[in-house]
Amino acid sequence: MKVDSAGEGAAGAVRAPIDEAALGRFMADNVAGFTGPLTISQFKGGQSNPTYRLETPGALYVLRKKPPGPLLKGAHDVLREARVMRALANTDVPVPAVVASSDDDSIIGSAFFIMTLAEGRIFWDTAFRDLPKAERAAHFDAMNATIAALHRVDYEAVGLGDYGRPGNYFERQIGRWSRQYVEDVAAPRDPNMEALVDWLPTAIPPGNETAIVHGDFRCDNLIFHPAEPRIVAVLDWELSTLGHPLADFAYHCLMYRIPSDVVAGLGGQDPKALGLPSEAEYVAAYCKRTGRKGIPSFDFYAAFNLFRLAAIFHGIAGRVARGNASSAQAKERAEQFPQLAALARNAMEACKA
């Protein structure tokens, strides 16, 4: 399976045209070693931020741009993605090299950045069934090593001291998602969510750790080496910020708890039968790499992330109810909201046990 650093597989016809001549002039002035002609194609995914494959006689690149038109403040900030990848370039976190960026809307219509294209494999199935059973655990371990490396980065030393608000991460996040749930009266009420809104603020574990967090660290946002169990690029940094590393890690570990019919996960399956480490083994490996004796409040972090995800799905349900979202996927997400809320409630009850 050969893919590249856009994370979307094959590129095809350009659906959202950009000024090829203007881009070529920009690259000639700003990308070292650039020589034309330039051939542009667009990846099928990248709906949040349009993503293009740029091919020249000597190199391949990927361009990500902000969508055109009015946007919510802070949304689709592709230059933020470029900033964090540049900052991580000389760390143990593998990222594509950002070769140029611009906030000048006059070039191709909106802000954009250009990065090198990293070829390799992307796995969409969390169980890595495309691989022989004997090879799957090593690929899981590569994910574990990479997210641990990210959380070990000294964010001040790499110039990201102002990349987010250090401290009180859970208070702020719980408040945000609780307000969104309560204020969206078009979506259905759910007793599990009501219980979580009341309980989560009272159960925040002590400690105010801060690290660079990816925000959406999962297997399909990673490019693996073409033949080795090694990650060559971490993609999709749009949700990255400064936050609590255990919140980020627990979100990644939701793959063990969420059923495959909700969001690609392993819930209800036996990891050992699939050739994968158990959740406890995976957590222990992360702890060893980050110098922890354990994560005694892991169920809280899981409950928080399931609540956050349920709140996102609840918001989708509200948009469906108001007629602002009509796609089949949106309707499916709206229907899955109660299941996620129930999973979050289960994690809450595990904390109380």
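**Exercise 1. Locate P37 in this predicted model and state the geometry of the peptide bond from G36 to P37.**

Step 1. P37 is placed in the loop that runs between α1 (20-30) and β2 (39-43).
Step 2. The peptide bond leading from G36 to P37 is cis, and its omega lies near 5 degrees.

**Exercise 2. Find the loops that hold F128 and D236, give the phi of F128 and of D236, and decide whether F128 is buried or exposed.**

Step 1. F128 belongs to the loop between β6 (112-116) and α4 (133-152), and although F128 is not a glycine, its phi is positive, at about 55 degrees.
Step 2. Because the relative accessible area of F128 is 0%, and buried means under 20%, F128 is buried.
Step 3. D236 sits in the loop between β9 (231-234) and β10 (241-243), and here too the residue is not a glycine, while its phi is positive, at about 60 degrees.
Step 4. D236 has a relative accessibility of 28%, and therefore counts as partly exposed.

**Exercise 3. Describe how helices α7 and α8 pack, beginning with their axes and ending with the classes of the residues in contact.**

Step 1. The axes of α7 (residues 245-253) and α8 (residues 279-290) come within 12 Å of each other and cross at roughly 150 degrees.
Step 2. The handedness of this crossing of α7 and α8 is right-handed.
Step 3. On the α7 side the contact is made by P245, L246, F249, H252 and C253, and on the α8 side by E279, Y282, V283 and Y286.
Step 4. Sorted by class, the contact of α7 with α8 has seven nonpolar residues, one polar residue and one charged residue.

**Exercise 4. Place P338 in its helix, classify its accessibility, and relate P338 to P188 in sequence and in space.**

Step 1. Helix α10, which covers residues 328-352, contains P338.
Step 2. P338 counts as partly exposed, because its relative accessibility is 37%.
Step 3. Although P338 and P188 are 150 residues apart in sequence, their C-alpha atoms are 9.3 Å apart in space.

**Exercise 5. Assess whether the radius of gyration of the protein agrees with that of a compact globule, and add the overall figures for burial and contacts.**

Step 1. A compact globule of 353 residues would have a radius of gyration near 20 Å, and the protein has 21 Å, so the value agrees.
Step 2. Of the 353 residues, 52% count as buried.
Step 3. Among the contacts with a separation of 6 or more, 71% are accounted for by residues 24 or more positions apart.

Terms used. Residues numbered from 1 in each chain as written. Predicted model: local features only at pLDDT ≥ 70, side-chain atom pairs only at ≥ 80, totals over all residues. Heavy atoms only, no water. Helix = DSSP H or I, 4+ residues; strand = E, 2+ residues; numbered from the N terminus. Buried < 20%, exposed > 50% of the residue type's maximum accessible area, 1.4 Å probe, protein only. Axes fitted to C-alpha atoms, helices over the stretch in contact; angles between N-to-C directions. Left-handed = near helix turned anticlockwise from the far one by under 90°. Contact = heavy atoms within 4.5 Å. Nonpolar A, V, L, I, M, F, W, Y, C, P; charged D, E, K, R; others polar. Rg over C-alpha atoms; globule rule 2.2 N^0.38 Å.
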